[in-house]
Amino acid sequence: MANEEAQEVLPRRGAGTLGRDDIGRTVRLQAWVQRRRDHGGLLFLTLRDRSGIAQVVVHPDDRPEVAAALEPVRAEWVVEVVGEVISRNENVNREMATGEIEVAATRVEILSRSEPLPFVLDGKIDASDETRLRYRYLDLRRPELQKNFLLRDRLTHEVRNYFHEQGFLDVETPILTRSTPEGARDYLVPSRVRRGSFYALPQSPQLFKQILMVAGFEKYVQIARCFRDEDLRADRQPEFTQVDVEMSFPTEETIYALIEGLFARVFPLGGIEAPIPFPRMKYADAMARYGTDRPDLRFGLEIADLSEQLKGSGFRAFQETVAAGGVIRGFAVPGAAEASRKQVDGWSEIARKNGAAGVLTLKRKNGELSFQVKNALTPAELEAAATALGLEEGGLALLIAAPEKVAAPALGTLRLELAKTFGLIPAGKHAFLWVTEFPNFEFDADEKRWFAVHHPFTSPDPRDLDRMESDPGAVRARAYDVVFDGLELGGGSIRMHDSALQSRVFEVLGIGAEEAKARFGFFLDALRYGAPPHGGIALGLDRLAMVLASASSLREVIAFPKTASATDLMTEAPSEVDGRQLRELGIQVAAEKKD
């Protein structure tokens, strides 16, 4: 009895923490049964907890009471095992971190039973995404996912430490704030005590962090929860986490150096080096050369402009495109001359989905150049085009003739598609990049007004201020994005700290003085009381974790993600609420009209 009481006070050990130094010690494990194997004279359990796995062995002849207690145990039951750590001797399992030892059980207790699982947790996942999300608490038991969240924890810890060392203050900003819609839709929260009024969940802490600069905090950071009620994509969620940063008296170079220092510190957590400084590329160059503002520089396939070479050709499609202000652009793919007609048709379909009429091909095979439309181009024009494209023997070029705003993204999408198709992305290679000098404004033809490309608090480039009212589309922004392997990890800008300039920008955006006061009056007032020059950036923490974990999607690094339709399948949210709650809030839900 005294011995049993001594065993009871043994501290719990993590299954994955055991090693050769523990041989001869009595330990207590409390964990899930990952696997049970009965070899007649021996019974084996693989126990799993957050720290890892360990093997437990039971000798039924020596411990019949232990074997009897374990008779009903199946996968995912929770058990407590007390036993002695022994060496596996010649049966070492090199694939397990604890493979040199096992625990010879002397006592066992069943702590919890499990019903049959909707999918297997041990081994390759065999369930649909919907099933995994519905039973997320089971999915999260898988070691692969737990490894991701251990990494995310380390990432968050390092981020906080880095900014603390750099003198930043961690300040929480409100979750319940006012709606200032600009771009994506707000999630609205009705007020019970002020019927007819609503809070909004923050899309970002943008105005609050700028006000903290006015307040003299100088350096602010927050691991911030943000919410956007927008159409979802594979790399987005309606609620997300960002590393939100703002500082007073910076230049763009100050921000670049700060974030490069952070990346040099956290990317090694995922086995990735971040050589600094990162290269820079202007937005206009990125769009012209790579067809996107987040170019993947791990491979070539750089886009070339053939407008000058081919605008005078006898091919009517080229003539008319350039005459209408469009462009002829394309890129060459080494070794792709043998592409099938089916493949080319597939690429044309991708181009059409991006607004282009399709693609035209130019290939160099057996020393000869051939264009998809026979006799449309002269031999000299073919050679000039091939030279501009860098088209070599055995290569294939894809060309698009279209307005620039159509040609660039279509070719950018095709560039990525063909790089994957022909295996042109080197394994283990990574590329960091700053994209700079974005346009400050873009025109929406449907609404017939200008919108801010980033947000309306981004400072215009001082060199372009004289064109802000006369030619808003030519105004550059003091904005920047940081890109990794073609994925935008964050974006920011130097802000406007002058209330008069902020009001000018509002006017360009069609926000008059009265509307600006109603929507942003508190902020404009703050700018009148000695606002310092300031700027910052927001980094997607979810995306950073996804990259470092080499995960396939954001869902693999978010504990309880939503589906593409913004639904939580586990809790079945969003859901209808009780009518009494609606009456207290003064809300009446309109019935949907049926066609």
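The paragraphs below go through a predicted model of one protein chain, from its overall make-up to selected details.

The chain has 595 residues, and 46% of them are buried. Its secondary structure comprises 17 helices and 23 strands. Taken along the principal axes, the C-alpha atoms fill a box of roughly 95 × 75 × 60 Å. Among the contacts in the chain with a separation of 6 or more, 67% are between residues 24 or more positions apart.

One sheet serves as a starting point. Strands of a sheet pair through backbone hydrogen bonds, either parallel or antiparallel. This sheet is open and is formed by five strands, in the order β13-β14-β17-β15-β16, with antiparallel pairing. Why do β13 and β16 each have one side without a neighbour in the sheet? Strands β13 (304–305) and β16 (368–371) stand at the edges and have a single partner strand each, so one side of each is left free of a neighbour in the sheet. Helix α12 (residues 379–389) packs on the sheet and touches β13, β14, β15 (360–365), β16 and β17. The direction of α12 makes about 90 degrees with that of β15.

Two of the pairings can be followed residue by residue. Strand β14, residues 327–333, pairs with strand β17, residues 396–402, over seven bridges in the antiparallel sense. Within this pairing, F331 stands opposite L398 in β17. Strands β15 and β16 are also antiparallel, with four bridges between them. Here K363 stands opposite S370 in β16. The hairpin of β15 and β16 has two residues between the strands, and N366 in this hairpin takes a positive phi near 55 degrees.

The side chains of the edge strand β16 alternate in direction. L369 and F371 point to one face and are buried, while E368 and S370 point to the other face and are not buried.

The next stop is a helix. How many of the eight residues of α16 are buried? Eight of the eight are buried, so α16 is largely enclosed by the rest of the structure. The buried residues of α16 include hydrophobic-looking names as well as others: L541, L544 and L548 are among them, and so are D542 and R543. After α16 comes S550, with a positive phi near 55 degrees.

Some backbone angles deserve a separate look. Most residues other than glycine have a negative phi, and most peptide bonds are trans. E76 is a residue other than glycine with a positive phi, near 75 degrees. This residue lies in the loop between α2 (64–70) and β5 (78–87). With 4% relative accessibility, E76 counts as buried. E218 also has a positive phi, of about 70 degrees, although it is not a glycine. E218 sits in the loop between α6 (206–214) and β10 (219–227). Is E218 buried or partly exposed? Its relative accessible area is 43%, so E218 is partly exposed.

Two cis peptide bonds can be located in loops. The bond from I276 to P277 is cis, with omega near 5 degrees. P277 is in the loop between α7 (252–266) and β12 (280–282). The bond that joins A573 and P574 is cis as well, and its omega is about 0 degrees. P574 is in the loop between α16 (541–548) and α17 (579–585).

A573 and P574 appear again in a pocket. The second largest pocket has a volume of about 540 Å³. It is lined by 18 residues, and those nearest its centre are Y187, A573, P574, S575 and V577. The elements that give two or more residues to this lining are β8 (188–190) and α17. By class, the lining of the second largest pocket has 14 nonpolar, one polar and three charged residues.

Enclosed space comes last. Rolling a probe the size of a water molecule over the atoms shows where empty space is left. How many cavities of 30 Å³ or more are counted? The count comes to one. The largest cavity has a volume of about 40 Å³. Its lining consists of L133, R136, F560, P561, D568, L569 and M570. By class, five of the lining residues of the largest cavity are nonpolar, none is polar and two are charged.

Key
Residues are numbered from 1 along each chain as its sequence is written. This is a predicted model: local features need pLDDT of at least 70, side-chain atom pairs count only at pLDDT 80 or more; totals for chains, interfaces and linings use all residues. Side-chain values use heavy atoms; hydrogens and water are left out. Two strands pair if DSSP finds at least two bridges between them. Contact means heavy atoms within 4.5 Å. Axes are lines fitted to C-alpha atoms, for helices over the stretch in contact, and angles run from 0 to 180 degrees between N-to-C directions. Buried means under 20% relative accessible area, exposed over 50%, partly exposed in between (1.4 Å probe, protein chains only). On a 1 Å grid over the protein atoms alone, a cavity is a set of points where a 1.4 Å probe fits but cannot get out, and a pocket is an open set with protein on both sides within 12 Å along at least five of seven lines; lining residues have an atom within 4 Å of a point. Grid points are joined across faces, edges and corners, and a volume is the space filled by probe spheres set on the points. Ala, Val, Leu, Ile, Met, Phe, Trp, Tyr, Cys and Pro count as nonpolar, Asp, Glu, Lys and Arg as charged, and the others, Gly among them, as polar.
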